[in-house]
Amino acid sequence: MEPVPAGALAVCLTACGAEEDPSSGKSPSTSKKYTIGICQLLEHEALDSATKGFKDALTEKLGKDNVDFDEQNAQGESTNCSTICNNFVTNNVDLIMANATGALQAASQATADIPILGTSVTDYATALNISNWSGKTGTNVSGTSDLAPIDQQ
């Protein structure tokens, strides 16, 4: 699986409705308001920072008036992640950001259609039960891994 920076995600989200004034030097403006569902497994300094960084980057790229975040915390309960992600699907959010393995698993079980961006996940192959791991999920799931490069330690 290849990491997807928030800037690249913003480009994906704005590609269909963006208008850019080349002389302005500014990011494309969008005529669509995006709703991003964020499911975070639990309160933790590292997870909180990942969520904040994601929101800050998207707000910077899309503009604060063009993105709404529905941020939910599952309080450490996987069943809460499932409820949260199913609600995101019902509400037809544009993207789900799944913060931690339990949130990623719940999001991937909830939808095969809405793009899912995972973060704070160590092993996507194990989390998503992918036996022939090639580095890509082959589904609507992408994201970043928190696995430290062992060979560099």
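Here is a chat that walks through a predicted model of one protein chain.

Q: Hi! How many helices and strands does the protein chain have?
A: Welcome! This is a predicted model, and its protein chain has five helices and seven strands.

Q: What pattern do they follow along the sequence?
A: Reading along the sequence, you get α-β-β-β-α-β-α-β-α-β-α-β.

Q: And how much of the protein chain is buried?
A: Of its 153 residues, 37% are buried.

Q: What share of the contacts with a separation of 6 or more comes from residues 24 or more positions apart?
A: That share is 59% in this protein chain.

Q: Let's zoom in on some helices. How do the axes of α3 and α4 cross?
A: Helix α3 covers residues 78-90 and helix α4 covers residues 101-110. Their axes come within 8 Å and cross at roughly 40°.

Q: What do you call that arrangement, and why?
A: The two helices are oblique to each other, because an angle of roughly 40° falls outside the ranges for roughly parallel (under 35 degrees), roughly perpendicular (65 to 115) and roughly antiparallel (over 145).

Q: Is the crossing left-handed or right-handed?
A: α3 passes α4 in a right-handed crossing.

Q: Which residues meet there?
A: From α3 you have Cys 81, Ser 82, Cys 85, Asn 86 and Val 89. On the α4 side they meet Gly 102, Ala 103, Ala 106, Ala 107 and Ala 110.

Q: Which residues in α4 are buried?
A: Gly 102, Ala 103, Leu 104, Ala 106, Ala 107 and Ala 110 are buried in α4.

Q: What do those buried residues of α4 pack against?
A: Their partners are the strands β3 (34-40), β5 (95-99), β6 and β7 (141-145), along with the helices α3 and α5 (124-127).

Q: Back to the cysteines. How many disulfides does the structure hold?
A: Zero. Cys 81 is in no disulfide, and the nearest cysteine sulfur, that of Cys 39, is 3.8 Å away.

Q: What about Cys 85: why no bond there?
A: The closest cysteine sulfur is again in Cys 39, at 4.1 Å from the sulfur of Cys 85, so the two are too far apart for a bond. The cut-off for a disulfide is 2.5 Å between the sulfur atoms.

Q: Are Cys 81 and Cys 85 buried or exposed?
A: Cys 81 is buried, with a relative accessible area of 0%. Cys 85 is buried too, also at 0%.

Q: New topic: where is Ser 120?
A: Ser 120 is in strand β6, which spans residues 116-121. At 19% relative accessibility, Ser 120 counts as buried, because the limit is under 20%.

Q: Which side chain shares a polar contact with the side chain of Ser 120?
A: That would be Asn 99, at 2.9 Å. Beyond its neighbours within four places in sequence, Ser 120 has other contacts, including Leu 47, Ala 50, Thr 144 and Asp 146.

Q: What about Thr 119?
A: Thr 119 is also in β6, and it is buried at 14% relative accessible area. Leaving out residues up to four places away in sequence, Thr 119 touches several residues, among them Met 97, Ala 98, Tyr 124 and Thr 144.

Q: Last one: where is Val 141, and what does Val 141 touch?
A: Val 141 sits in strand β7 and is buried, at 5% relative accessible area. Not counting residues up to four places away in sequence, Val 141 touches Leu 104, Ser 108, Ile 116, Tyr 124 and Leu 128. Ile 116 is 25 residues away along the chain, yet the C-alpha atoms of Val 141 and Ile 116 are separated by 4.7 Å.

Terms used: Residues numbered from 1 in each chain as written. Predicted model: local features only at pLDDT ≥ 70, side-chain atom pairs only at ≥ 80, totals over all residues. Heavy atoms only, no water. Helix = DSSP H or I, 4+ residues; strand = E, 2+ residues; numbered from the N terminus. Buried < 20%, exposed > 50% of the residue type's maximum accessible area, 1.4 Å probe, protein only. Polar contact = N/O pair within 3.5 Å; in protein donor to acceptor, adjacent residues only side chain to side chain. Contact = heavy atoms within 4.5 Å. Axes fitted to C-alpha atoms, helices over the stretch in contact; angles between N-to-C directions. Left-handed = near helix turned anticlockwise from the far one by under 90°.
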